[in-house]
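Here are some exercises to try with a structure viewer open. Work through each task yourself, then compare your steps with the solution below it.

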Amino acid sequence: LFLGDGCSSARNTDIGSRILTLLAKKYFNGYSSGRYTINDFFDKIVHSADNVANLLDLSTESLFSTLVILDSNGYCGNINLFMTGDGIAAFIRHDGTIDIYDIEFSAQAPKYLAYRLSEKYEQQFSEICGNYRNITTFSIKNGGVENKKVSTEVNNYKDLKWFRIKKEDYKIAVIMSDGVKSFINRDSSPLDYSAVLEQVLDFKQLTPNFVKRRCSRLIKEFEKNDITHYDDFSVAAIVIDQNGTI
């Protein structure tokens with residue numbers, strides 16, 4: 001799975017995020033077959049994206065985008081989760097428990113893959129005061145939050161975070177943009193984040209287009225109750241059978 005989410009404060013990132021995800025898909029076989037290391041894989045994505053942006057007369061800033069990749073066929077029956085920027089992943093266990101991986105930056109200034117293209121961007125990023133990467137993990141079970149843990153990286157962090165998850169433990173794997181945290185009531189008060197996640201992931205049937213059906217139905221329910229979201233909301237998912245096969 002490949003998901004992009006452009007930065008709202010930079011121009012044309014809707015196009016740039018599409019370029020990044022399409023190139024990630026293009027080069028993925030080279031990584032999965034062992035021709036590229038992980039770092040080479042992401043280098044190829046971002047440098048090729050820069051070339052495409054130049055051809056379209058777009059600035060490098062159009063590539064200021066989150067890129068989330070879920071590799072469902074990792075080594076020894078694992079799922080590899082790669083995140084650059086900020087995003088959320090959810091893994092639904094066979095008993096319905098939902099395990100969440102959430103990356104955000106305290107100053108709302110994520111470390112994008114495109115910063116590899118210029119020392120200027122790296123320098124500007126490093127000069128942002130109080131900009132920490134927070135990695136939050138927790139589980140949602142029977143409407144409650146369990147085992148919440150927050151780890152904070154203050155400095156010297158790279159753009160790429162990599163998680164390895166055991167495929168056999170789960171029946172559904174989901175990646176989302178951070179727009180899932182932007183739902184608000186009519187008085188602009190935020191909805192409870194874990195409750196929104198639980199509703200988004202309440203898939204009734206796992207037949208084709210189940211993600212589209214669930215999200216469309218939820219948005220309609222929210223609109224009836226004057227609930228809106230102010231950031232791009234994107235979801236992608238895969239189903240894993242009992243044998244760990246996608």
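The exercises below move from single residues to cores, surface, cysteines and backbone.

This is a predicted model, in which local features need pLDDT of at least 70, side-chain atom pairs count only at pLDDT 80 or more, and totals for chains, interfaces and linings use all residues. Residues are numbered from 1 along each chain as its sequence is written, and side-chain values use heavy atoms, with hydrogens and water left out.

**Exercise 1. Place Gln-199 and list what it touches beyond its sequence neighbours.**

Step 1: Find the element. Gln-199 sits in helix H4, residues 193–200; helices (H or I, at least four residues) and strands (E, at least two) are DSSP runs, numbered from the N terminus.

Step 2: Check exposure. Gln-199 has a relative accessible area of 30%, so it is partly exposed. The scale calls a residue buried under 20%, exposed over 50% and partly exposed in between, using a 1.4 Å probe and protein chains only.

Step 3: List the contacts, meaning heavy atoms within 4.5 Å. Not counting residues up to four places away in sequence, Gln-199 touches Arg-214, Leu-218 and Phe-222. The C-alpha atoms of Gln-199 and Arg-214 are 8.9 Å apart, with their positions 15 residues apart in sequence.

**Exercise 2. Is Tyr-31 buried or exposed, and what is it in contact with?**

Step 1: Look in helix H1, residues 13–32, where Tyr-31 is found.

Step 2: Tyr-31 is buried, because its relative accessible area is 12%.

Step 3: Leaving aside neighbours within four places, its contacts are Tyr-36, Thr-37, Ile-38, Phe-41, Asp-71, Asn-80 and Phe-82.

Step 4: Now take Gly-16, also 15 residues from Tyr-31 along the chain: the two C-alpha atoms are 22 Å apart.

**Exercise 3. Which residues touch the most other members of the largest nonpolar core?**

Step 1: Apply the rule: a nonpolar core is a set of buried Ala, Val, Leu, Ile, Met, Phe, Trp, Tyr and Cys residues joined through side-chain atoms within 4.5 Å.

Step 2: The largest core has 51 residues, and those touching the most other members are Phe-41, Phe-42, Ile-45, Ile-69, Leu-81 and Phe-91.

Step 3: Zoom in on Ile-69. Beyond four places in sequence, its contacts include Leu-1, Phe-2, Ala-24, Phe-28 and Asn-80.

Step 4: Another core lies apart from this one, with 28 residues, among them Ile-100, Tyr-193, Leu-201 and Ala-237.

**Exercise 4. In which loop is Leu-56 found, and how exposed is Asp-57?**

Step 1: Leu-56 is in the loop between helix H2 (38–55) and strand E2 (65–71). Its relative accessible area is 47%, so Leu-56 is partly exposed.

Step 2: Move to Asp-57, in the loop between H2 and E2. Asp-57 counts as exposed because its relative accessibility is 71%.

Step 3: Check the backbone. Asp-57 is not a glycine, yet has a positive phi of about 60°. Most residues other than glycine have a negative phi.

Step 4: Try Asn-147 in strand E7, residues 144–153. Its phi is also positive, near 55°, and Asn-147 is exposed at 62% relative accessible area.

**Exercise 5. How many disulfides are there?**

Step 1: Search for pairs of cysteine sulfur atoms within 2.5 Å, the rule for a disulfide. The count is zero.

Step 2: Take Cys-129, whose nearest cysteine sulfur, that of Cys-7, is 19 Å away.

Step 3: Compare accessibility. Cys-129 is exposed, with a relative accessible area of 70%, whereas Cys-215 is buried at 14%.
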